[in-house]
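User: Could you take a close look at a single part of this model and describe how its charged side chains are placed? Please give every cut-off that you rely on, and follow the part into its surroundings.

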Amino acid sequence: MTTTIDNLRTALIGESTACATYAAYASKALQEGYPQIAKLFEAASKAERIHAGNHARALAKLGAELPQFDINIKLGTTLENLKAARAGEVYEFTEMYPPMIAQAEADGATQAKTGFAWAMEAEKSHARLYSAAIRQLESGEKLNLPSQYWVCPMCGETFDSLEGVEKCHLCNVPVGRFLEF
């Protein structure tokens with residue numbers, strides 16, 4: 001039977017891997033002349049680091065050790081990287097996190113449940129942002145992507161605009177504390 005501790009370890013490995021992978025994708029995007037996409041990957045990388053940190057703190061609260069793991073990165077073209085990133089995000093919010101949230105709730109692990117829920121919602125934003133970049137790259141037209149992104153330092157939610165935003169809609173952190181990319 002999968003436990004919340006097992007789920008936290010799995011999620012921590014996944015988020016840590018995504019953090020490192022997206023950082024590598026950002027470098028590749030810069031090499032290929034896509035600075036706006038590099039910024040998106042940099043922001044998403046930071047968001048994934050925040051998710052991993054939340055999972056690590058929940059593990060510590062439950063008295064569990066952090067897992068040992070290796071990170072393997074498969075680097076493709078920027079378009080291939082965007083598609084791989086989107087697929088990973090969609091998997092997380094459709095298949096991975098929902099049962100983890102349910103298990104954490106059943107186990108009474110409130111901190112784990114909150115971290116899973118925040119990550120799941122942020123992954124939806126990442127998938128949306130990656131989809132927009134994919135559409136533009138595939139269209140062959142000049143890219144019209146945001147040149148700035150903001151990440152909530154508490155939950156990792158990622159914003160491509162702060163218009164009308166006063167605080168994070170997931171965790172209520174004021175916009176003035178957001179990290180800018």
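Analyst: **Helix α4 and its surroundings**

Glu138 counts as partly exposed, at 48% relative accessibility, where buried means under 20% relative accessible area, exposed over 50% and partly exposed in between, with a 1.4 Å probe and protein chains only. The model is a predicted one, in which local features need pLDDT of at least 70 and side-chain atom pairs count only at pLDDT 80 or more, whereas totals for chains, interfaces and linings use all residues. Residues are numbered from 1 along each chain as its sequence is written, and side-chain values use heavy atoms, with hydrogens and water left out.

Glu138 forms a salt bridge with Lys83, in which the closest N and O atoms are 2.8 Å apart; the term stands for a side-chain nitrogen of Lys or Arg within 4 Å of a carboxyl oxygen of Asp or Glu. This pair links distant parts of the chain, since Lys83 is in helix α3 and Glu138 in helix α4, 55 residues apart. Lys83 is partly exposed as well, at 35% relative accessibility. Helices (H or I, at least four residues) and strands (E, at least two) are DSSP runs here, numbered from the N terminus.

The helix α4 itself has 30 residues and reaches 44 Å from its first C-alpha to its last, close to the 44 Å expected at 1.5 Å a residue, the expected span being 1.5 Å times one less than the number of residues. Just after α4, Gly140 takes a positive phi of about 80°. Arg135, also found in helix α4, counts as exposed at 54% relative accessibility; its C-alpha lies 9.7 Å from that of Leu79, although the two are 56 residues apart in sequence.

Arg128 forms another salt bridge, with Asp160, and here the closest N and O atoms are 3.7 Å apart. Again the pair links distant parts of the chain, with Arg128 in helix α4 and Asp160 in the loop between β2 and β3, 32 residues apart. Both partners are partly exposed, Arg128 at 44% relative accessibility and Asp160 at 28%. By the rule above, the count comes to five salt bridges, one of which joins the side chains of Lys28 and Glu32 at 3.8 Å, N to O.

Arg128 also matters for describing Glu157, which is buried yet has no salt bridge, the nearest side chain of opposite charge being Arg128, 6.6 Å away; for this purpose Lys and Arg count as positive and Asp and Glu as negative, while His and the chain ends are not counted. Glu157 is placed in the loop between β1 (150-151) and β2 (158-159). Its side chain makes a polar contact of 2.6 Å with the side chain of His169, and another of 2.9 Å joins the side chains of Glu157 and Ser125. A polar contact is a pair of N or O atoms within 3.5 Å; within protein, one must be able to donate a hydrogen and the other to accept it, and residues adjacent in sequence count only if both atoms are side-chain atoms. Not counting residues up to four places away in sequence, Glu157 touches Glu121, Ala122, Trp150, Val151 and Cys168, among others, where contact means heavy atoms within 4.5 Å.

Turning to nonpolar packing, the largest nonpolar core has 25 residues, of which Tyr22, Ile37, Phe41, Leu82 and Tyr130 touch the most other members; such a core is a set of buried Ala, Val, Leu, Ile, Met, Phe, Trp, Tyr and Cys residues joined through side-chain atoms within 4.5 Å. Helices α1 (4-31), α2 (35-61), α3 (78-107) and α4 (110-139) each supply at least two residues of this core, and α2 gives the most, with eight residues. Apart from this core lies another, of 20 residues, among them Leu12, Ala56, Ala109 and Ala119. Phe41 has contacts that include Tyr22, Leu82 and Tyr130, not counting residues up to four places away in sequence.
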